[in-house]
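Reader: I'd like a walk through the pocket and the ring pairs in this one. Can we start with the pocket?

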Amino acid sequence: MEPEIAVTAVHPSPGSPGAGGASWWRSGYWLVLALLVATYALCAAQSTIDPSPSAFVVQLVTVAVVLRVTQAHPRVQHIAWLVLAAAGVAMIVTAVLDTGGLVLDVALSAASTIAFFVAPVAIIRHQVTRRGLDIEALLAATAAYILVGMFFTLVYNLVALLTVAPTFGDHTVDSLSSQLFFSFTTLTTTGYGNIVPATPAVQAIAVAEAITGQLFLITAVARIMRGSRGPASEQAAARRAEEQS
């Protein structure tokens, strides 16, 4: 009588590549990227350095969705939605009363800067705990990289609002659109040379952004993608199983 052989089914983990082709859709990172495209378009359409209240609301919605997708602490999510609600009310009041000014512009720019600093950190924290190199990981890395570029855009915008000196010299129109273009060409170290920082402060920020862009590709993306390999203990166990078979 032949001995019975027990067969144990191996089910892929939720974060593994075999967990299902639709897991990236359920993750919500596609929505984050869609909101980032909308945010980019709104910023690129601005011909002044004054932050647009509508763009500000879309930015905060983007960050709130990021916190939801990355499963941030519920208290953090509640705070984000409260800030979003307050921003919506402020935008309506500003539009109805036709009010504004430098103080409001600085407040909007500073709030957006902080929000876009938190968002990529949340994505990286969420992804390093996952396993599996899949579409979700690629979408997450892309979203985090774009968020870093948007963060530095808002830093340039905040500096322009707080200083009287032109950000990029007399030959470039100082606007959120030009700040956005300069930020992403600096982040990717493309450097077309048509826009040049005019002051030492802006030059220092540009250097920091160029270094951040390279370090992001080397470290953050590598840490996200490392999930394609399991822990060393699991790899060793798999090798032992292959040797015994």
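Author: Sure. α3 (53-69), α4 (74-97) and α5 (102-127) each give at least two residues to the lining of the largest pocket. Helices here are DSSP runs of H or I, at least four residues, numbered from the N terminus. This is a predicted model, where local features need pLDDT of at least 70 and side-chain atom pairs count only at pLDDT 80 or more, while totals for chains, interfaces and linings use all residues. Residues are numbered from 1 along each chain as its sequence is written, and side-chain values use heavy atoms, with hydrogens and water left out.

Reader: How does the lining of the largest pocket divide into nonpolar, polar and charged?

Author: Ala, Val, Leu, Ile, Met, Phe, Trp, Tyr, Cys and Pro count as nonpolar, Asp, Glu, Lys and Arg as charged, and the others, Gly among them, as polar. Here it's 12 nonpolar, no polar and no charged.

Reader: And what about the aromatic pairs?

Author: Rings of Phe, Tyr and Trp (its six-membered ring) pair if their centres lie within 6.5 Å; planes under 30 degrees apart are stacked, over 60 edge-to-face, the rest tilted. The whole structure has 8 aromatic pairs. Take tyrosine 40 and phenylalanine 184: their centres are 5.7 Å apart and their planes at 65°, so they're edge-to-face. That pair links distant parts of the chain, with tyrosine 40 in helix α2 (residues 29-44) and phenylalanine 184 in helix α7 (residues 176-187), 144 residues apart.

Reader: Is phenylalanine 184 buried or exposed?

Author: Buried means under 20% relative accessible area, exposed over 50%, partly exposed in between (1.4 Å probe, protein chains only). Phenylalanine 184 has 17%, so buried; tyrosine 40, at 35%, is partly exposed.
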